[in-house]
Structure formats: structure tokens, C-alpha cells
Amino acid sequence: MPDEDERWMREALVLARQAADAGEVPVGALVLQAGRVLGRGYNRPIGSHDPTAHAEVQALREAANLLGNYRLPGCTLVVTLEPCAMCAGAMQHARIARVVFGARDAKTGACGSVVDLFGEPRLNHHATVTGGVLAEECGRLLSSFFSAKREAARAAIGRLPGPPVEAPDAPA
Ligand SMILES: [Zn+2]
């Protein structure tokens, strides 16, 4: 199973790179059923003007559409970044059986990093969760995306027209 997880995570990474190419935070996701891909998605909230357009939601929509069923029992969702609360909720509504994720997300992760929605006994659906699959590669893609963005922002500031910055007066 771990080898299979890595294989699918590599496919999700290909989708994540598509997001990066479109200027979106690089996250990719797949929905699988018995070794067959039913849905693919990459993060694109900016381009689609849609705060719900996370990779997982895109992949769930495609899979549900294909099966003609809003429930996806027995399916596995593979995603390069730990799902947020919205996506974890969507997976619970879809009755996803298993979640496999790559890098942890200390800011919005809902599989244990900030909250653990799949471990919350008061919620009525539980998936088994495997985290940290190709975590380094998934995380590296995100950090290089953000550092390139910061670099571009710094370069843009350097090009802004404006008065020269004056040094503060030296104390007398
Ligand atoms: Zn999400």
C-alpha cells in the first residue's frame, strides 16, 4: 500500500504543478476507486473567483459527476497538502473511505495539525487517514512557490517610482 500511495501522490504532484503554472498555490488531488482515477483536481480559487475551488473539491466534483452519485463510498482521496476544514467536511459528506495526504499544514490542516476532524467522535463519518506521503516533495513545491512569489513582490517594490528614501538625521 505505501508504494501505491507514493505512486498516486506523484500523480497528484503533477496536478499541483499545474496549479503553480496558473499562479495558484500548488495543491493537487485525486479520487480513486479500486485503483482507478475517478476525479482529478488542482487548486484554483483565484482564477475561478471561487473560495471553494480547492483541489480536493474539484476532484470530488469530477468523481461524483462520473459516478452520478454525490456519495463516493469506498473511494480514496489523495492530496498533496493536508486538507482544510472545508475539504475534510466535503469528504465526510461524500463518505470518502480513506484520505492520503502529503505535507502537513500548520495553519489550516484539519487532519491533526490544527484540528482533527476525522478523529472527532461527535462527527458521524470517519475515514482512515495516512499523512506524510512524499511530504518533503509536496512541501518543497509549496515553499518554492511562496519564495518565488516573495521574490517577485520584492522586485516589484524595487521598480516602484517615488522619491528617494532619505536617511534620518543623525542625532546632534
Ligand atoms: Zn481545502
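# Testing the terms on a predicted model

User: What follows α4, and what sign does the phi of that residue have?

Analyst: Arg 95 follows α4, and its phi is positive, near 65°. This is a predicted model: local features need pLDDT of at least 70, side-chain atom pairs count only at pLDDT 80 or more, and totals for chains, interfaces and linings use all residues. Numbering starts from 1 along each chain as its sequence is written.

User: What makes a stretch a helix or a strand, and how many of each are there in the protein?

Analyst: Both are DSSP runs, numbered from the N terminus: H or I over at least four residues for a helix, E over at least two for a strand. The protein has five helices and five strands. From the N terminus on, they run α-β-β-α-α-β-α-β-β-α.

User: How do you know whether the protein is spread out or compact?

Analyst: Set its radius of gyration, taken over C-alpha atoms, against the globule rule of 2.2 Å times the number of residues to the power 0.38. The rule gives 16 Å for 172 residues; the protein has 20 Å, well over that, so it is more spread out than a compact globule. Along the principal axes, the C-alpha atoms fill a box of roughly 75 × 30 × 30 Å.

User: What makes β1 and β2 paired strands?

Analyst: Pairing takes at least two DSSP bridges between two strands. Strands β1 (residues 28-33) and β2 (residues 36-42) have six, and they run antiparallel. One of these partnerships is Leu 30 with Arg 40. The two strands form a hairpin with two residues between them, and Ala 34 in the turn has a positive phi of about 50°.

User: Why are β2 and β5 called edges?

Analyst: The open sheet has five strands in the order β2-β1-β3-β4-β5, with mixed pairing. β2 and β5 (128-130) each have a single partner strand, so one side of each lacks a neighbour in the sheet. For β5, that pairing is with β4: three bridges, running parallel. Val 99 has Val 129 as its bridge partner there.

User: Which residues of helix α4 are buried, and how do you know whether they line one face?

Analyst: Buried means 20 or more other C-beta atoms, placed from the backbone, within 10 Å of the residue's own; 12 or fewer is exposed, and in between is partly exposed. In α4 (residues 85-93), Cys 87, Ala 88, Ala 90 and Met 91 are buried. Down the helix axis they fall within an arc of 160°, taken from the directions from axis to C-beta atoms, so they line one face. Their cover includes α3 (55-67), β3 (76-81) and β4 (98-103).

User: What makes a nonpolar core, and how many residues has the largest?

Analyst: A nonpolar core is a set of buried Ala, Val, Leu, Ile, Met, Phe, Trp, Tyr and Cys residues joined through C-beta atoms within 7 Å. The largest has 45 residues; Ala 29, Val 31, Leu 77, Val 78 and Met 91 have the most contacts inside it. Its largest share, six residues, comes from α1.

User: Why is Ser 113 called partly exposed?

Analyst: Ser 113 has 15 other C-beta atoms within 10 Å, a count between the two cut-offs, so it is partly exposed. Its place is in the loop between β4 and β5.

User: What is Ser 113 in contact with, leaving aside its neighbours within four places in sequence?

Analyst: Contact requires backbone-placed C-beta atoms within 7 Å. On that basis, the partners of Ser 113 beyond those neighbours are Glu 82, Arg 104, Asp 105 and Ala 106.

Definitions and conventions. Two residues are in contact if their C-beta atoms, placed from the backbone, lie within 7 Å.
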